[in-house]
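Hi everyone, thanks for coming. I'd like to walk you through one structure today, so please have a look at it with me.

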Amino acid sequence: MSTHRRNKAIYAAASLAAVAWLPTAVHAAQPAGQSVAGAVEEVLVTARRREESLQDVPIAISAFGGESLQQRGVESVQNMNAVAPNLSVMGGGNSGESQATFRVRGMPGVSVYIDGVNQATTDGLLTMSVVEVDRIEVLRGPQGTLFGNASLGGAISYVTRAPADTFGARVQGSIGSFHRRDFQAAVDLPFSD
């Protein structure tokens, strides 16, 4: 047996041993009752007008939580181009700076819903800040059955965060070049029965 073949056999055996050992080591190091680090958590969406697990929905959908959008630097709806696959958000030009045009997979006719309410016009949606958002769902493909016949290309569902039962406040600020100053604040006030 040549040296080259012998080295290949040794490397193959070492690789197989490492692969066979890795899952056992991860589960052995995990205390009982805790999930494995990096495990996929259950994502709940309302793509079919009822809350259900993302894995059970037979629709091509991308769902982004509020914390995920914040980590990705999405500050307004126009930044969704960078995170949602096959979504094109355009605006400006003759239609006004804040009027948006949405396309999914290149198809026009994308309905936008904010908390389940259809937005008949896209005025102001391009510059709408992503503040107090629970999740944004992008549904690809015709959605005429649940979202109306204007949803030929797909639908975008913007779900805001529900108010908390306890008092709380969130403040976010940023500064930048050319005298940029951004400030956002939100306060949760509990209401009694």
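Let me start with a question: which ring does the charged end of R49 sit over? The answer is the ring of Y113, and the distance from the charged end of R49 to the centre of that ring is 5.1 Å. Before going further, please keep in mind that this is a predicted model.

Let's stay with Y113 for a moment. The structure holds one aromatic pair. The rings of Y113 and F147 have centres 5.0 Å apart and planes at 70 degrees; planes over 60 degrees apart count as edge-to-face, so that is what we call this pair. The two partners come from distant parts of the chain: Y113 belongs to strand 6 and F147 to helix 3, which covers residues 144-147, and they are 34 residues apart. Are these two residues buried or exposed? Both Y113 and F147 are buried.

Now, strand 6 takes us to the sheet. Strands of a sheet pair through backbone hydrogen bonds, and they can do that in a parallel or an antiparallel way. Here, five strands make an open sheet with mixed pairing, and their order is 3-8-9-6-7. At the edges you find strand 3 and strand 7, each of which pairs on one side only. Further in, strand 6, residues 110-114, runs parallel to strand 9, residues 154-160, and five bridges join the two. If you want to find one of the contacts on screen, look for I114, whose bridge partner in strand 9 is Y158.

Next, the pockets. The largest pocket has a volume of about 570 Å³. Its lining consists of 27 residues, and those nearest the centre are Q70, V130, V131, Q172 and Q184. Which strand gives the most to this lining? That is strand 11, with six residues. Helix 2 and strand 10 also supply at least two residues each. Sorted by class, the lining of the largest pocket has eleven polar, nine nonpolar and seven charged residues.

The second largest pocket has a volume of about 400 Å³. It is lined by 14 residues, with E41, V43, A63, F64 and G65 nearest its centre. Strand 3, one of the edge strands of our sheet, supplies at least two residues of this lining, and so do helix 2 and strand 8. By class, the lining of the second largest pocket has six charged, five nonpolar and three polar residues.

To close, helix 2 is worth finding on your screen: it supplies residues to the lining of the largest pocket and to that of the second largest pocket. Thanks for listening!

Definitions and conventions
Residues are numbered from 1 along each chain as its sequence is written. This is a predicted model: local features need pLDDT of at least 70, side-chain atom pairs count only at pLDDT 80 or more; totals for chains, interfaces and linings use all residues. Side-chain values use heavy atoms; hydrogens and water are left out. On a 1 Å grid over the protein atoms alone, a cavity is a set of points where a 1.4 Å probe fits but cannot get out, and a pocket is an open set with protein on both sides within 12 Å along at least five of seven lines; lining residues have an atom within 4 Å of a point. Grid points are joined across faces, edges and corners, and a volume is the space filled by probe spheres set on the points. Helices (H or I, at least four residues) and strands (E, at least two) are DSSP runs, numbered from the N terminus. Ala, Val, Leu, Ile, Met, Phe, Trp, Tyr, Cys and Pro count as nonpolar, Asp, Glu, Lys and Arg as charged, and the others, Gly among them, as polar. Two strands pair if DSSP finds at least two bridges between them. Rings of Phe, Tyr and Trp (its six-membered ring) pair if their centres lie within 6.5 Å; planes under 30 degrees apart count as stacked, over 60 as edge-to-face and the rest as tilted. Buried means under 20% relative accessible area, exposed over 50%, partly exposed in between (1.4 Å probe, protein chains only). A charge sits over a ring if NZ of Lys or CZ of Arg is within 6 Å of the ring centre and within 35 degrees of the ring normal.
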